[in-house]
Amino acid sequence: MLLISLNSAFESHPQSKPPSTHPTIFFLYDFVRNSHNQLKAVDADKYAAGDNGAKTAVNEIEGRNAFANMLINDKSGKLSMMTGGDPSNPVDFGPEIKNKALILTQ
């Protein structure tokens with residue numbers, strides 16, 4: 001549910017609207033959406049039973065969530081450079097996205 005909430009926050013961001021979607025917003029939205037798809041692919045019964053493959057998949061998703069939070073809070077401009085944005089004017093994700101990304105790491 002938390003990844004769905006973060007996806008919705010990205011979709012609501014004013015700079016995520018076509019035709020001029022901000023490249024950094026698009027990159028991170030896609031990253032979070034892929035994390036959500038990976039989570040949906042985990043068999044909950046196998047995870048509950050202690051299956052190593054399911055545990056590994058969930059651990060990877062947790063790592064992706066932490067990485068997304070780190071990127072969303074990047075102040076160095078490196079994320080902008082990586083996504084084709086202007087490093088001197090990084091995108092402002094706003095408090096909603098920042099808070100939801102932080103919640104995913106807790």
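Among contacts between residues at least 6 apart in sequence, 65% join residues at least 24 apart. That figure comes from a predicted model, so keep the source in mind for everything below. The protein has six helices and zero strands, and 34% of its 106 residues count as buried. The rest of this briefing goes through the overall build, the core, the empty spaces and a handful of residues worth a look on screen.

**Overall build**

- Walk along the sequence and you get α-α-α-α-α-α, with zero strands anywhere in the protein.
- The C-alpha trace spans about 50 × 25 × 20 Å along its principal axes.
- The accessible surface adds up to about 6400 Å², and carbon and sulfur atoms own 56% of that surface.

**The nonpolar core**

- The largest nonpolar core is made of 22 residues.
- Inside this core, the residues with the most contacts are L6, F10, L28, V32, I72, F93 and I97.
- Four helices each put in at least two core residues: α1 (2–12), α2 (23–40), α4 (52–72) and α6 (94–104).
- Helix α4 gives the most to this core, with six residues.
- F93 is a good place to start clicking: leaving out residues up to four places away in sequence, F93 touches F10, H13, T24, I25, L28, L71, I72, L79 and K98.
- Two of those partners, F10 and L28, also sit on the list of residues with the most contacts inside the core.

**The largest pocket**

- The largest pocket has a volume of about 180 Å³.
- Its lining consists of M1, L2, L3, L39, V58, I61, E62, N65, I103, L104 and Q106.
- By class, the lining of this pocket splits into eight nonpolar residues, two polar and one charged.
- Helices α1, α4 and α6 each bring at least two residues to the pocket lining.
- Helix α4 again leads here, giving the most to the pocket lining with four residues.

**The largest cavity**

- A search of the whole structure turns up one cavity of 30 Å³ or more.
- The largest cavity holds about 40 Å³ of space.
- Lining this cavity are T24, L71, I72, D74, L79, S80, P90, V91 and F93.
- The cavity lining breaks down into six nonpolar residues, two polar and one charged.
- Helices α4 and α5 (78–83) each supply at least two residues of the cavity lining.
- F93 turns up here as a lining residue, as well as among the residues with the most contacts inside the largest nonpolar core.

**T24, on the cavity wall**

- T24 belongs to helix α2 and is one of the residues lining the largest cavity.
- T24 counts as buried because its relative accessibility is 1%, and the cut-off for buried is under 20%.
- Setting aside neighbours within four places in sequence, T24 is in contact with L79, S80, T83, V91 and F93.
- Of these partners, L79, S80, V91 and F93 are also found in the cavity lining.

**The loop between α1 and α2**

- P18 and P19 are joined by a cis peptide bond, with omega at about 5 degrees.
- P19 lies in the loop between α1 and α2, and K17 has its place in that loop too.
- K17 counts as partly exposed because its relative accessibility is 40%, which falls between the 20% and 50% cut-offs.
- Leaving aside neighbours within four places in sequence, K17 is in contact with E11 and S12.
- From K17 to N65 the C-alpha to C-alpha distance is 23 Å, with their positions 48 residues apart in sequence counted as the separation.
- N65, at the other end of that distance, is one of the residues lining the largest pocket.

**R33, in helix α2**

- R33 is found in helix α2, the helix that also holds T24.
- R33 is partly exposed, with a relative accessible area of 29%.
- R33 and S8 are 25 residues apart in sequence, while their C-alpha atoms are 10.0 Å apart in space.

How values were computed
Residues numbered from 1 in each chain as written. Predicted model: local features only at pLDDT ≥ 70, side-chain atom pairs only at ≥ 80, totals over all residues. Heavy atoms only, no water. Core = buried A, V, L, I, M, F, W, Y, C linked by side-chain atoms within 4.5 Å. Buried < 20%, exposed > 50% of the residue type's maximum accessible area, 1.4 Å probe, protein only. Contact = heavy atoms within 4.5 Å. 1 Å grid on protein atoms, 1.4 Å probe; cavity = no way out; pocket = protein on both sides within 12 Å on 5 of 7 lines; lining within 4 Å. Points joined across faces, edges and corners; volume = space filled by probe spheres on them. Nonpolar A, V, L, I, M, F, W, Y, C, P; charged D, E, K, R; others polar. Areas by Shrake-Rupley, 256 points an atom, 1.4 Å probe, with all protein chains shown as cover.
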